[in-house]
Amino acid sequence: QVQLVESGGGLVQPGGSLRLSCRLSGSVFSFIVLGWYRQVPGNQRELVASTLRYGSPRYSDSVQGRFTITRDFAKNTVDLQMNSLKPEDTGVYYCYGEQMGPSGSNVNYWGQGTQVTVSS
């Protein structure tokens with residue numbers, strides 16, 4: 001059973017920083033895609049940052065230049081460093097992973113989510 005477990009959320013003032021970490025039950029290399037999504041009440045889950053197994057990271061326009069997604073191949077984690085946080089960054093952040101399934105179709109996995117609140 002593949003599991004993704006997030007940690008690192010919390011309350012931070014505008015302009016501050018937080019680092020989210022997602023621990024993977026498998027190797028980082030076993031995932032075709034790894035990423036972070038954000039959801040606020042009443043809205044759909046939106047992609048914040050993602051990275052392919054072989055490729056450059058991609059970011060939403062709203063976080064470009066402020067957030068950085070990295071993979072730790074030794075610890076099997078995917079992290080999201082969030083700097084210069086704004087109140088509109090508030091939401092539940094979900095770790096996402098995609099693997100090739102036994103039938104050849106991709107299988108999606110989600111973490112349980114971690115709350116990030118940016119407020120003074």
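Q: Why is Gln 39 called partly exposed?
A: In this predicted model, Gln 39 has a relative accessible area of 22%. Buried means under 20% and exposed means over 50%. The value lies in between, so Gln 39 is partly exposed.

Q: Why does Tyr 37 count as buried or exposed?
A: Its relative accessibility is 18%. The cut-off for buried is under 20%, so Tyr 37 counts as buried.

Q: What makes Trp 110 partly exposed?
A: Trp 110 has 36% relative accessibility. That falls between the 20% and 50% limits, so partly exposed is the label.

Q: Why is the pair of Tyr 37 and Trp 110 called edge-to-face?
A: The ring centres are 4.9 Å apart, and rings pair if their centres lie within 6.5 Å. The planes stand at 70°. Angles over 60 degrees count as edge-to-face, so the pair gets that name.

Q: Why does this pair tie together parts that are 73 residues apart in sequence?
A: Tyr 37 lies in strand β4, and Trp 110 lies in strand β10 (residues 106–110). The ring pair therefore links those two parts. Ring pairs also link Tyr 37, Tyr 94, Tyr 96 and Trp 110 into a cluster. The whole structure holds 5 aromatic pairs.

Q: What makes the link between the side chains of Gln 39 and Arg 45 a polar contact?
A: The separation is 3.3 Å. The limit for a pair of N or O atoms is 3.5 Å, with one able to donate a hydrogen and the other to accept it. The Gln 39 and Arg 45 side chains are joined by such a contact. Among the other residues that Gln 39 touches are Gln 44, Gly 91 and Tyr 94.

Q: Over which ring does the charged end of Arg 45 sit at 3.6 Å from the centre, and how do you know that this distance qualifies?
A: The ring is that of Tyr 94. CZ of Arg must be within 6 Å of the ring centre and within 35 degrees of the ring normal. The distance of 3.6 Å meets the first limit. The charged end of Arg 45 also sits over the ring of Trp 110, 4.6 Å from its centre.

Q: How do you know that β4 and β5 pair?
A: Strands pair if there are at least two bridges between them. β4 and β5 (residues 46–52) have 6, in the antiparallel sense. Gly 35 stands opposite Ser 50 in β5. Their hairpin has 6 residues between the strands, and Gly 42 takes a positive phi near 90° there.

Q: What makes β5 and β6 a pair?
A: 2 bridges join β5 to β6 (residues 58–59), running antiparallel. At least two are needed, so the strands pair. Ala 49 stands opposite Tyr 59 in β6.

Key:
Residues numbered from 1 in each chain as written. Predicted model: local features only at pLDDT ≥ 70, side-chain atom pairs only at ≥ 80, totals over all residues. Heavy atoms only, no water. Buried < 20%, exposed > 50% of the residue type's maximum accessible area, 1.4 Å probe, protein only. Contact = heavy atoms within 4.5 Å. Helix = DSSP H or I, 4+ residues; strand = E, 2+ residues; numbered from the N terminus. Phe/Tyr/Trp six-rings, centres within 6.5 Å; stacked < 30°, edge-to-face > 60°. Lists of a residue's contacts leave out its neighbours within four places in sequence.
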